[in-house]
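Here are some notes to read with the structure open beside you. They go point by point, so feel free to stop and look after each one.

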Number of protein chains: 2
Amino acid sequence: MDDLFDDLDRSSPVPLYFQVARQIEQAIEGGKLPPGSRLENEITLADRLGLSRPTMRRAIQQLVDKGLLVRKRGVGTQVVHGQVTRPVELTSLHDDLAAHGQRPSTQVLLHEVVPAPGEVAASLAVAEGSPVLHLRRLRCSGDEPLAVLENWLPEQFTDLTEASLGERGMYQLLRSRGVGMRVARQRIGARRGTTEECRLLQENRGSPLLTMERTTHDDSGRAVEWGRHVYRASRYAFEVTLVDR
Amino acid sequence: MDDLFDDLDRSSPVPLYFQVARQIEQAIEGGKLPPGSRLENEITLADRLGLSRPTMRRAIQQLVDKGLLVRKRGVGTQVVHGQVTRPVELTSLHDDLAAHGQRPSTQVLLHEVVPAPGEVAASLAVAEGSPVLHLRRLRCSGDEPLAVLENWLPEQFTDLTEASLGERGMYQLLRSRGVGMRVARQRIGARRGTTEECRLLQENRGSPLLTMERTTHDDSGRAVEWGRHVYRASRYAFEVTLVDR
DNA sequence: TACGTCTATTTGTCATGACATATCCTTGAC
DNA sequence: GTCAAGGATATGTCATGACAAATAGACGTA
């Protein structure tokens, strides 16, 4: 019980609360903290690690937000029962696939700069008619088609090349240009696929598809991207963790 | 700019950071803080309200988590562009509908206590074969059917009556019994509806439906409920806000 | 003009200390 | 034996103080 933690690196740029959170998370994944088990109280833990209580609290809170821990006032902190799943985070489909050991590939179906139509302009909060980059891509995992991704990006990104989009995910490209994406609002629904969508995705005509509409904002609050995606319902699902605070 | 805030009530049981967060939120909704506008720096704000900086930070952070604000080190805090939507929270469909002024109603299709099948037992983290309450309900909004809700609850809730479930939402019932729900993991997908589902939902045969599988845990980390729901894709969608921290 | 440097501003991280409050368990009274 | 009161324990809230680091703008130099 006592050797749950390795030493902390106070010279590292990685914040202390983050180092601690990761160690607790690993302890949970590794079975050292089985589901339902109780953590020591935060004051003792902080003491043992030579940390202040706020720092310790922040580490624990981070895992509560991830849905791994549950706290109850006057009682303590416990590990949540049940299998640990991976929640959706602010990543792209491309990154998700790569992280799961898949081999993502992309085929650019459409790549054009057009004047922003009304709906697009409203979602991106740019002037109607201002130049935007309109993309339509087919995303595959291995040999299997997985999703049709349609996106619009504001003027500052109209120089993204078709070739670069074929190789690296859109989020990766944006990040490498120094864009700090912070918030995304998604709307997840379902509908029958169009004939063309089903053809692209190698599904039978009229198959049910999972739809996702998303606006992503950067660290200045400006819209960076608006997208309408359709996924093969037979191969894809969204996972979400909700926490009440 | 200066009269953004009402006075704070230090005797109220509502935490100060929460009172502040709500006031900022109202200022955003009311247009006093338009999209893209910058907040004063947190030290000044804290001073003006007679608060400490950590408390002010916590208020702001709460709104960042909700996707309303965006912060950037060395720069400041800004209001996110774009329409403000309501993210899904840890509420039931019943509560959601009621909050939107709809008139939710429920028809209990099935209400039985059965020995937990393997899959259910695993999701609820109870012994296989232990008694569980198995529910199947049709949820309507006004006159329109909206979803078929199938749920399993562990032994301690097997005494929930069919009548009570017809009147109040399941989450409401659980809360009134002192259950503090804290974490839920959802998996959102899509598929074609079965013949019976489509009949219940008054959809054409084979219509696409939005599916949701969910496990809810209470503040002790124990599973409280496992559910498999199907929603009419033509009338329902999930909204999710993701924040990168 | 163009470029790099310095500085002011702002958020990020961390420590210490205090009191409030929910919960559980023990103890004691009836 | 049952119920109520009280204490122990843990998390929740809040204040104060300090330093680190990223950013943007001003300034000076080539």
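1. Let's start with one contact to DNA strand D. A phosphate oxygen of that strand is 2.8 Å from an N or O atom in the side chain of B:Ser52. Keep in mind that this is a predicted model, and that goes for every distance below.

2. Stay with DNA strand D and look at B:Leu16. Here the protein side of the contact is backbone: an N or O atom of the B:Leu16 main chain lies 2.5 Å from a phosphate oxygen of the strand. B:Leu16 is also listed among the closest residues to DNA strand D, along with A:Arg53, B:Arg10, B:Thr55 and B:Arg58. In total, 27 residues surround the strand.

3. Which part of DNA strand D does A:Arg53 reach with its side chain? It is a base: a base nitrogen of the strand is 2.8 Å from an N or O atom in the side chain of A:Arg53. Taking the atoms of DNA strand D within 4 Å of the protein, 66% belong to sugar or phosphate, and bases make up the rest.

4. Both chains build the surface near DNA strand D. Chain A brings α2 (42–49), α3, β1 (69–72) and β2 (76–79), while chain B brings α1 (16–29) and α3, each with at least two residues. The top contributor is α3(B), with four residues. By type, the surface splits into eight nonpolar, eight polar and 11 charged residues.

5. Now turn to DNA strand C, which has 27 residues around it; A:Arg10, A:Leu16, A:Thr55, A:Arg58 and B:Arg53 come nearest. A:Arg10 has a side-chain N or O atom 2.5 Å from a phosphate oxygen of this strand. B:Glu42 uses its backbone instead, with an N or O atom 3.0 Å from a phosphate oxygen of DNA strand C.

6. A:Arg53 turns up again here: one of its polar side-chain atoms lies 3.3 Å from a base nitrogen of DNA strand C. Among the atoms of DNA strand C within 4 Å of the protein, sugar or phosphate accounts for 67% and bases for the rest.

7. For the surface near DNA strand C, α1 (16–29) and α3 (53–65) of chain A join α2 (42–49), α3 (53–65), β1 (69–72) and β2 (76–79) of chain B, each giving at least two residues. The largest share, four residues, is from α3(A). Here the count is eight nonpolar, eight polar and 11 charged residues.

8. How do the two protein chains relate? A turn of 180° with a shift of 0.0 Å along the axis lays chain A on chain B with an RMSD of 0.1 Å. The copies are therefore related as by a two-fold rotation axis. In chain A, A:Pro208 has the C-alpha nearest that axis, at 2.5 Å. Of the interface residues of chain A, 100% are also interface residues in chain B, so the copies meet through the same surface.

9. Within chain A, the domain assignment gives domain 1 (2–79) and domain 2 (93–232). Taken over C-alpha atoms, the centres of these two domains of chain A are 37 Å apart.

10. Last, a look at strand pairing across the chains. Strand β9 (residues 238–243) of chain A runs antiparallel to strand β6 (residues 181–192) of chain B, over six bridges. In this pairing A:Glu239 stands opposite B:Arg187 in β6(B). β6(B) also pairs in the antiparallel sense with strand β7 (residues 208–218) of chain B, over 11 bridges, and there B:Arg191 stands opposite B:Leu209.

Terms used: Residues numbered from 1 in each chain as written. Chains lettered and ligands numbered in written order. Predicted model: local features only at pLDDT ≥ 70, side-chain atom pairs only at ≥ 80, totals over all residues. Heavy atoms only, no water. Near = heavy atom within 4 Å. Polar contact = N/O pair within 3.5 Å; in protein donor to acceptor, adjacent residues only side chain to side chain. Nonpolar A, V, L, I, M, F, W, Y, C, P; charged D, E, K, R; others polar. Least-squares fit on C-alpha atoms with pLDDT ≥ 70 in both. Contact = heavy atoms within 4.5 Å. Domains from an automatic or database assignment. Pairing = 2+ DSSP bridges.
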